[in-house]
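Reader: I have a structure in front of me and want to learn how to read it. Where do we begin?

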Amino acid sequence: MASAMLKVAAAGVSRCFTLLRGVSTTTPLCQGVPGAVWKLGKLNHIAIAVPDMERATALYRDVLGATVSDKVPLPEHGVYTVFVELGNTKLELLHPLGDKSPISGFLQKNKSGGMHHICIEVDDIKAAVADMKAKNIRTLSAEPRIGAHGKPVMFLHPKDCDGVLVELEEA
């Protein structure tokens, strides 16, 4: 079977892809690459900072007909949250809780609100965080904290993630 190998460098990590003329279900696409200690999972949610939680909740519940959770305070993160169920994922509405809320600063810069972060599940948060740090991806805290779903989370610095604040959550 004819194939061509392409090597692509991404964030200092070399990855290889095999382009095949025929399709084989028995030949791995990239041989000799060690398996990861952790695995990236599905998109858990997209978080949206909102200046008016009641209005935003009403939009998704009353206008769009979505199922929404109750408003829950998360003092350790400085936010109120409401989750909007979408079937294949969720939206997380965020509103400031207290003067030192990170969402307050975001809303000062973005008066109408907007997308704050994306959350992707991982199967092993500690291994994922160690791997990110080894690859020079900065984190916003020293250790994972418990997030809105009661599971460990870690935020990755947006300057190291193409301008996107990425939250990793243990599945």
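Author: We begin with aromatic pairs. Rings of Phe, Tyr and Trp pair if their centres lie within 6.5 Å. By that rule, this structure holds zero aromatic pairs. Keep in mind that the model is predicted.

Reader: What lies over the face of Tyr80?

Author: Lys71 does, at 4.5 Å from the ring centre.

Reader: How do I judge confidence in a predicted model, and what is the mean pLDDT here?

Author: pLDDT is the predictor's confidence in each residue, from 0 to 100. The mean for the protein chain is 84. Of its residues, 79% reach 70 or more.

Reader: Where does pLDDT stay under 50?

Author: Over residues 1–34. The model has 31 contacts beyond four places in sequence for that stretch. Be careful with such regions. Where pLDDT is low, the predicted coordinates should not be read in detail.

Reader: Now the overall plan. How many helices and strands does the protein chain have?

Author: Three helices and 11 strands. Read them from the N terminus on: β-β-β-α-β-β-β-β-α-β-α-β-β-β.

Reader: What share of the residues is buried?

Author: Of the 171 residues in the protein chain, 37% are buried. Look at the contacts too. Take those between residues at least 6 apart in sequence: 48% of them join residues at least 24 apart.

Reader: How do I read one helix? Which residues of H3 are buried?

Author: Start with the general idea. An α-helix has 3.6 residues a turn, so residues three or four places apart point the same way. Now the case. H3 covers residues 125–134, and its buried residues are Ile125, Ala127, Ala128, Val129 and Met132.

Reader: What covers the buried residues of H3?

Author: The cover includes three strands: E8 (114–122), E10 (152–156) and E11 (166–170).

Reader: Which residue caps the N-terminal end of H3?

Author: Asp124 is the cap. One of its side-chain oxygens lies 3.2 Å from the backbone nitrogen of Lys126.

Reader: What should I look for in phi?

Author: The sign. Most residues other than glycine have a negative phi, and most peptide bonds are trans. Asn136 has a positive phi of about 60°, although it is not a glycine. Find Asn136 just after H3, in the loop between H3 and E9.

Reader: Is Asn136 buried or exposed?

Author: Exposed, because its relative accessibility is 65% and the cut-off for exposed is over 50%.

Reader: What is the phi of Asp162?

Author: It is near 55°, a positive value in a residue other than glycine. Asp162 sits in the loop between E10 and E11. Asp162 is exposed too, with a relative accessible area of 80%.

Reader: Back to the loop after H3. Where does Ala142 lie, and what does it contact?

Author: Ala142 is in the loop between H3 and strand E9 (145–146). Set aside its neighbours within four places in sequence. Then Ala142 is in contact with Lys133 and Met154. Ala142 and Met154 are 12 residues apart in sequence and 8.9 Å apart in space, C-alpha to C-alpha. Ala142 is exposed, at 55% relative accessible area.

Reader: How do I read a polar residue such as Asn44? Is it buried or exposed?

Author: Check its accessible area, then its partners. Asn44 is in strand E3 (residues 40–49). Asn44 is buried because its relative accessible area is 3%, and buried means under 20%. Its side chain makes a polar contact with the side chain of Glu169, at 3.2 Å. Beyond four places in sequence, the contacts of Asn44 include Thr89, Lys90, Cys119 and His149.

Reader: What does the side chain of His116 make a polar contact with?

Author: The side chain of His117, at 2.9 Å. His116 lies in strand E8. At 16% relative accessibility, His116 counts as buried. Not counting residues up to four places away, it touches Ala47, Ile48, Ala49, Leu94, Ile103, Phe106 and Leu165.

Reader: Last, the cysteines. How many disulfides are there?

Author: A disulfide needs two cysteine sulfur atoms within 2.5 Å. The count here is zero. Cys119 is buried, at 0% relative accessibility. Cys161 also counts as buried, at 16%.

Key:
Residues numbered from 1 in each chain as written. Heavy atoms only, no water. Buried < 20%, exposed > 50% of the residue type's maximum accessible area, 1.4 Å probe, protein only. Helix = DSSP H or I, 4+ residues; strand = E, 2+ residues; numbered from the N terminus. Contact = heavy atoms within 4.5 Å. Polar contact = N/O pair within 3.5 Å; in protein donor to acceptor, adjacent residues only side chain to side chain. Phe/Tyr/Trp six-rings, centres within 6.5 Å; stacked < 30°, edge-to-face > 60°. Lys NZ or Arg CZ within 6 Å of the ring centre and 35° of its normal.
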